[in-house]
Amino acid sequence: VHGILVTGLISAALARLPGGIVYLSQDLEFRAPVRIDDYVTATIEVAEDLGGDQYRLRTTVSKDDDQVIDGEAVVLIDDVPADD
C-alpha cells in the first residue's frame, strides 16, 4: 500500500479530537511496508503546547508491534469545547 494512503489514518485520528483541526505541518518517516489486508493502528499524542491554540503532536502508525510510520505534526485546534 502506498505510504501516503496509510498516513490518511493519521488524519482520521485527528478528526476524532475535540474542536476544529487545521494541519500546519506534518513530518513523516516511513519505516516499514504495509501490505493489503494488514491491520494498522494510528496513534496521536500531544507532545508540546506551542501556545496560540497550536500543538506539536507525535504521530505513529503501527502494525502488530512494529512501527511503520513515525512522525510529528503541528496543528491548530480551534473551538475546543469547554469542560462542564
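# Briefing: salt bridges and overall architecture

With a relative accessibility of 38%, Glu48 counts as partly exposed. The model described here is predicted. In this model, Glu48 is joined to Arg56 by a salt bridge, with 3.2 Å between the closest N and O atoms. A search of the whole structure finds six salt bridges, and several of them are set out below after a summary of the fold.

**Fold and dimensions**
- The protein contains one helix and four strands, arranged from the N terminus in the order α-β-β-β-β.
- Along the principal axes, a box of roughly 40 × 25 × 20 Å is filled by the C-alpha atoms.
- Of contacts between residues at least 6 apart in sequence, 52% join residues at least 24 apart.

**Burial, surface and charge**
- The protein has 84 residues, and 24% of them count as buried.
- Its accessible surface is about 5700 Å², and carbon and sulfur atoms account for 48% of that area.
- The protein carries 6 positive and 17 negative charges, and the mean positions of the two sets lie 9 Å apart.

**Nonpolar surface patch**
- A nonpolar patch on the surface is formed by Val1, Leu5 and Ile36, which together have about 340 Å² of accessible area.
- Val1 belongs to the segment that precedes α1 (3-14).
- The relative accessible area of Val1 is 48%, so this residue is classed as partly exposed.

**Salt bridges of Arg56**
- Besides its bridge to Glu48, Arg56 forms a salt bridge with Glu72, where the closest N and O atoms are also 3.2 Å apart.
- Because Glu72 lies in strand β4 (residues 66-78) and Arg56 in strand β3 (residues 54-63), this pair ties together parts that are 16 residues apart in sequence.
- Arg56 is partly exposed at a relative accessible area of 25%, and Glu72 is partly exposed at 31%.

**Salt bridge of Arg58 and its network**
- The side chains of Arg58 and Asp70 form a salt bridge with an N to O distance of 3.4 Å.
- Arg58 is in strand β3 and Asp70 in strand β4, so the pair links parts that are twelve residues apart in sequence.
- Arg58 is partly exposed, at 35% relative accessible area, whereas Asp70 counts as buried, at 15% relative accessibility.
- Glu29, Arg31, Arg58 and Asp70 are joined into one network by salt bridges that share partners.

Key: Residues numbered from 1 in each chain as written. Predicted model: local features only at pLDDT ≥ 70, side-chain atom pairs only at ≥ 80, totals over all residues. Heavy atoms only, no water. Helix = DSSP H or I, 4+ residues; strand = E, 2+ residues; numbered from the N terminus. Buried < 20%, exposed > 50% of the residue type's maximum accessible area, 1.4 Å probe, protein only. Contact = heavy atoms within 4.5 Å. Areas by Shrake-Rupley, 256 points an atom, 1.4 Å probe, with all protein chains shown as cover. Lys, Arg positive; Asp, Glu negative; His and termini not counted. Charge placed at Lys NZ, Arg CZ, Asp CG, Glu CD. Patch = residues over 30% accessible without salt bridge, like charges linked within 9 Å, V, L, I, M, F, W, Y side chains within 5 Å. Salt bridge = Lys/Arg side-chain N within 4 Å of Asp/Glu carboxyl O.
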